[in-house]
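Here's a walk through one protein model, written for someone who would rather look at residues than at plots. Keep the viewer open while you read.

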Amino acid sequence: MRKTLLALAAIMVFSAVSQSFAEAATVVPPGNRNAEQPGVPGASARRTKGSNSTFDRKYQKVFDLLSSDKQLIAKIKSTASRYGIDPIHMVGAIVGEHTYNVDAYDRLQSYYVKAASYAGNSFRFGYKDESIAQFLTHSQFAKCQSKRDSASLWTCREDVWDDSFRGKKVDGVSYPDNRFSAVFFQPFYAGQTFGLGQINPLTALMLSDMVARVSGYEKLDENDAAAVYTAIMDPDHSLAYMAAAIRKSIDDYKSIADMDISKNPGLTSTLYNLGGSQQRAAVLAQKNRQSGSTVWPEENYYGWLVNDKLPELQKLL
């Protein structure tokens, strides 16, 4: 009962915030801003070719999974409702991830089985011999300790990485010129994401407070890598993190860029793919301040597909 009341309270807060933003924000029109699909990165094309597949076949496979799995669609709708978003945003993200990044499993149960294989595995987040706990003791991170929520805390830490460590030699250690998540949070290989929602471990840590508050799942700890992986591999948990990521992108664009992207699944899918909604919203806001006319956010190749297929995807719901 307590968990249900907390979830209802969270929905009410999200609804109130969204309504207040929507009253002021400029609604981004539906559809694609680009007449033709932007180019697909070579890495995605190579992965698809390497698996003897095509983007069309991968799209059809994930579409068939969604259309045949009523349990999954019900979970998507329920989770979307908790986070105050249209479930089409979650469908778009799943379709984009499984069309361009990974192949879909044939059924939802396969994701549970895969998640179970990670439970209890002993691995850690770190770089070479330095664990994430040791790394965060550097004095440069002291300014982040005042951050009250997981999103602000990990965004601050990511900014410190970019400003003070990325591609630099600090205290005798040479750090790669690469993303914080790729260097410290992917012990198997860079660029790796997991599960139905293809969640990055650092993204999950950033969203941990929101997911704990809305869905009631236990907060994540960067010093317990196995628990982080288990959470993002489990389909139920993965859907919660997916919804939280989309909710955050919508809220960031409303509060920072004064743009309401909640009616454009191609844009939320683009941000789900790229990340960095705060920074991207700030860049867009700057462009609009400098421009004499409205500069709209644009979809990338991934979001373009979602908008292009939207009539078909809507039928899944």
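## A covered helix and its surroundings

Helix α13 is mostly covered, with 8 of its 10 residues buried (buried means under 20% relative accessible area, exposed over 50%, and partly exposed in between, with a 1.4 Å probe and protein chains only). Those buried residues are P265, G266, L267, T268, S269, T270, L271 and Y272. They pack against α5, α12, α14 (277-290), α15 and α16 (310-314). Contact here means heavy atoms within 4.5 Å. Helices (H or I, at least four residues) and strands (E, at least two) are DSSP runs, numbered from the N terminus.

Before going further: this is a predicted model, where local features need pLDDT of at least 70 and side-chain atom pairs count only at pLDDT 80 or more, while totals for chains, interfaces and linings use all residues. Residues are numbered from 1 along each chain as its sequence is written, and side-chain values use heavy atoms, with hydrogens and water left out.

Now look at both ends of α13. Just ahead of α13 is N264, in the loop between β6 (259-260) and α13 (265-274). Is N264 buried or exposed? N264 is buried, with a relative accessible area of 0%. Setting aside neighbours within four places in sequence, N264 is in contact with V28, P29, P30, G31, R33, H89 and N307. On the other side, α13 is followed by G275, whose phi is positive, near 75°.

## The chain as a whole

Stepping back, the protein chain has 16 helices and 6 strands. Of its 317 residues, 49% count as buried. Among contacts with a separation of 6 or more, residues 24 or more positions apart account for 74%. The chain exposes about 15,000 Å², and carbon and sulfur atoms supply 50% of that (areas come from the Shrake-Rupley method with a 1.4 Å probe; for residues, only the protein chains shown count as cover).

Inside, the largest nonpolar core has 80 residues, and F135, W154 and F184 have the most contacts within it. Helix α12 (residues 235-257) gives the most to this core, with 11 residues. A nonpolar core is a set of buried Ala, Val, Leu, Ile, Met, Phe, Trp, Tyr and Cys residues joined through side-chain atoms within 4.5 Å. Want to see what W154 touches? Not counting residues up to four places away in sequence, W154 touches I132, L136, F180, F185, L202, L205, M206 and E222. Back on α12, I256 is found in that helix and is partly exposed, with a relative accessible area of 32%. I256 and A282 are 26 residues apart in sequence and 6.0 Å apart in space, C-alpha to C-alpha. Leaving out neighbours within four places in sequence, I256 is in contact with Q278, A281, A282 and A285.

## Two helix pairs

Two packed helices are described by the angle between their axes and the distance between the axes. Axes are lines fitted to C-alpha atoms, for helices over the stretch in contact, and angles run from 0 to 180 degrees between N-to-C directions.

Take α5 (residues 87-100) and α15 (residues 301-308): their axes come within 9 Å and cross at roughly 125°. That makes α5 oblique to α15 (angles under 35 degrees count as roughly parallel, over 145 as roughly antiparallel, 65 to 115 as roughly perpendicular and the rest as oblique). From α5, residues G92, A93, V95, G96, E97, T99 and Y100 meet Y301, Y302, L305 and V306 in α15.

T99 of α5 is buried, with a relative accessible area of 1%. Besides L305, T99 touches T48, F55, K58, Y59 and V62, not counting residues up to four places away in sequence.

The other pair is α3 (residues 55-68) and α4 (residues 70-82), which pack at an angle of about 85° with their axes 5 Å apart. These two helices are therefore roughly perpendicular to each other. L66, S67 and S68 of α3 make the contact with K70, L72, I73 and I76 of α4.

## Positive phi outside glycine

Most residues other than glycine have a negative phi, and most peptide bonds are trans. Here are two residues to check against that.

| Residue | Phi | Loop | Relative accessible area |
|---|---|---|---|
| K128 | near 55° | between β2 (126-127) and β3 (130-131) | 62%, exposed |
| D258 | near 60° | between α12 and β6 | 36%, partly exposed |
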